[in-house]
Number of protein chains: 2
Amino acid sequence: MLRISKLTDYGTMILVHLAVRARGAKDGVVDPEHLCSASDVAAGTRLALPTVQKLLKLLARSELVRSVRGAEGGYALARNPATITAAEILDVFEGPLSITECSTADSRCELEDGCPTGGAWQKINRGIRGALDEISLADLAHPPREFPLVDLSGRASRLRHRLPPGQG
Amino acid sequence: MLRISKLTDYGTMILVHLAVRARGAKDGVVDPEHLCSASDVAAGTRLALPTVQKLLKLLARSELVRSVRGAEGGYALARNPATITAAEILDVFEGPLSITECSTADSRCELEDGCPTGGAWQKINRGIRGALDEISLADLAHPPREFPLVDLSGRASRLRHRLPPGQG
DNA sequence: CGATACTGGACTAAGATAGTCCCATATAGA
DNA sequence: TCTATATGGGACTATCTTAGTCCAGTATCG
């Protein structure tokens with residue numbers, strides 16, 4: 001239920017990669033200014049290069065990632081990973097949509113007035129956003145053993161990432 | 001972000017209709033055994049009949065709705081609306097999926113071991129489920145002014161329901 | 001028996017998604 | 001200045017999903 005697209009998942013992996021690089025995963029030296037090329041990200045995440053390029057372009061247009069063009073250019077996080085929330089990340093890739101289809105600005109809903117479920121979906125939406133606001137990119141990049149969120153259910157599925165076609 | 005499909009939205013409207021009928025919206029007499037035909041639901045929700053039929057069939061296979069065949073047959077909620085949660089409803093229509101694509105049972109994920117985001121997505125998923133567990137069908141059918149959920153964000157979009165083609 | 005109504009599944013058009021590719025532009029360094 | 005390296009913007013396509021319809025079968029009431 002409540003799927004996100006593969007591209008959103010990939011995009012998150014890319015952000016995690018940038019966050020890890022920024023804190024100097026390789027040599028222990030922290031350098032938030034460190035630029036990663038698309039090729040570097042593709043190699044690090046094992047995602048296909050064209051897909052990574054596409055997603056990085058999208059991210060660069062958002063406020064989460066900055067880019068430097070030309071030789072020796074690349075991408076880096078625009079802000080501290082601790083200040084970037086999962087809600088913001090999903091906004092970049094999925095757009096600021098609500099969970100109900102009819103919530104886009106230019107759609108007309110003739111059931112609007114009498115609709116008995118409208119208000120409740122809105123509350124559900126806010127509840128979900130609240131949960132997403134609690135998770136930062138820093139958490140994603142370096143998850144602590146005990147997470148700040150309450151474990152509300154044992155029903156969550158195992159999570160795995162599928163490799164793009166042509167790998168594995 | 002985090003869309004549900006139109007059919008899920010429609011399905012929820014159908015469940016709300018059944019809940020309202022069960023508590024006797026018309027004459028004030030409460031009758032949880034009251035059966036609604038697909039035609040009655042279609043008329044009440046203003047959704048197209050074939051779509052309603054399809055969704056009611058799906059619901060009847062779940063544990064949320066029971067059906068009676070033959071003349072004078074129809075559909076009714078299998079349980080008290082207060083005990084049916086939004087999480088259960090979404091499970092019926094969207095399946096027990098996680099928010100990440102790769103979480104289905106038969107997919108293989110070569111990034112599984114080293115995947116730095118897996119655990120966090122899982123926590124996000126649980127947080128969302130927690131929010132959905134707080135909303136009952138009874139809430140959806142008869143939303144109180146003040147909702148049990150905390151209002152965590154002012155960013156939620158207006159919610160409207162779009163009519164199916166051929167209406168309006 | 002016949003009308004009513006659910007059951008199961010097939011089918012299609014339209015739209016979304018994932019993935020690739022091309023050309024333009026910017027920059028560093030030889 | 002020239003060239004290699006990168007990003008920027010967008011077009012394009014195959015595939016999958018979604019939404020919606022329809023039909024033949026089965027159960028039940030009167």
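A residue is buried if 20 or more other C-beta atoms, placed from the backbone, lie within 10 Å of its own; 12 or fewer make it exposed, and anything in between is partly exposed. Helices (H or I, at least four residues) and strands (E, at least two) are DSSP runs, numbered from the N terminus.

You're looking at a predicted model, where local features need pLDDT of at least 70, side-chain atom pairs count only at pLDDT 80 or more, and totals for chains, interfaces and linings use all residues. Residues are numbered from 1 along each chain as its sequence is written, while chains are lettered from A and ligands numbered from 1 in the order in which they are written.

**Exercise 1.** Work out which residues of helix α4 (residues 86–94) of chain B are buried, then look just past its end.

*Solution.* Start inside the helix: B:Ala86, B:Ala87, B:Ile89, B:Leu90 and B:Val92 are buried. Now step off the end. Just after α4(B) comes B:Gly95, with a positive phi of about 80°.

**Exercise 2.** Check whether the span of α1(A) agrees or disagrees with its residue count.

*Solution.* First, the rule: the expected span is 1.5 Å times one less than the number of residues. α1(A) has 17 residues, so it should span 24 Å. Its end C-alpha atoms are 24 Å apart, which agrees. Next, its cover: 14 of the 17 residues are buried, so α1(A) is mostly covered. Just after α1(A), A:Gly24 has a positive phi of about 70°.

**Exercise 3.** Decide whether A:Leu2 is buried or exposed.

*Solution.* Find A:Leu2 in the segment before α1 of chain A. Count its C-beta neighbours inside 10 Å: there are 20, so A:Leu2 counts as buried. For a sense of distance, go 37 residues along the chain to A:Ser39; the two C-alpha atoms are separated by 31 Å.

**Exercise 4.** Describe the surface near DNA strand C by its residues, elements and classes.

*Solution.* "Near" means a C-beta atom, placed from the backbone, within 6 Å of the strand. By that test 28 residues surround DNA strand C, the closest being A:Ser5, A:Lys6, A:Ala48, A:Gly70 and A:Ala71. Two or more residues each come from α1 (6–22) and α3 (49–61) of chain A, and from α3 (49–61) and β2 (74–77) of chain B. α3(B) gives the most, with five residues. Last, sort by class: 10 are nonpolar (Ala, Val, Leu, Ile, Met, Phe, Trp, Tyr, Cys and Pro), eight charged (Asp, Glu, Lys and Arg) and 10 polar (the others, Gly among them).
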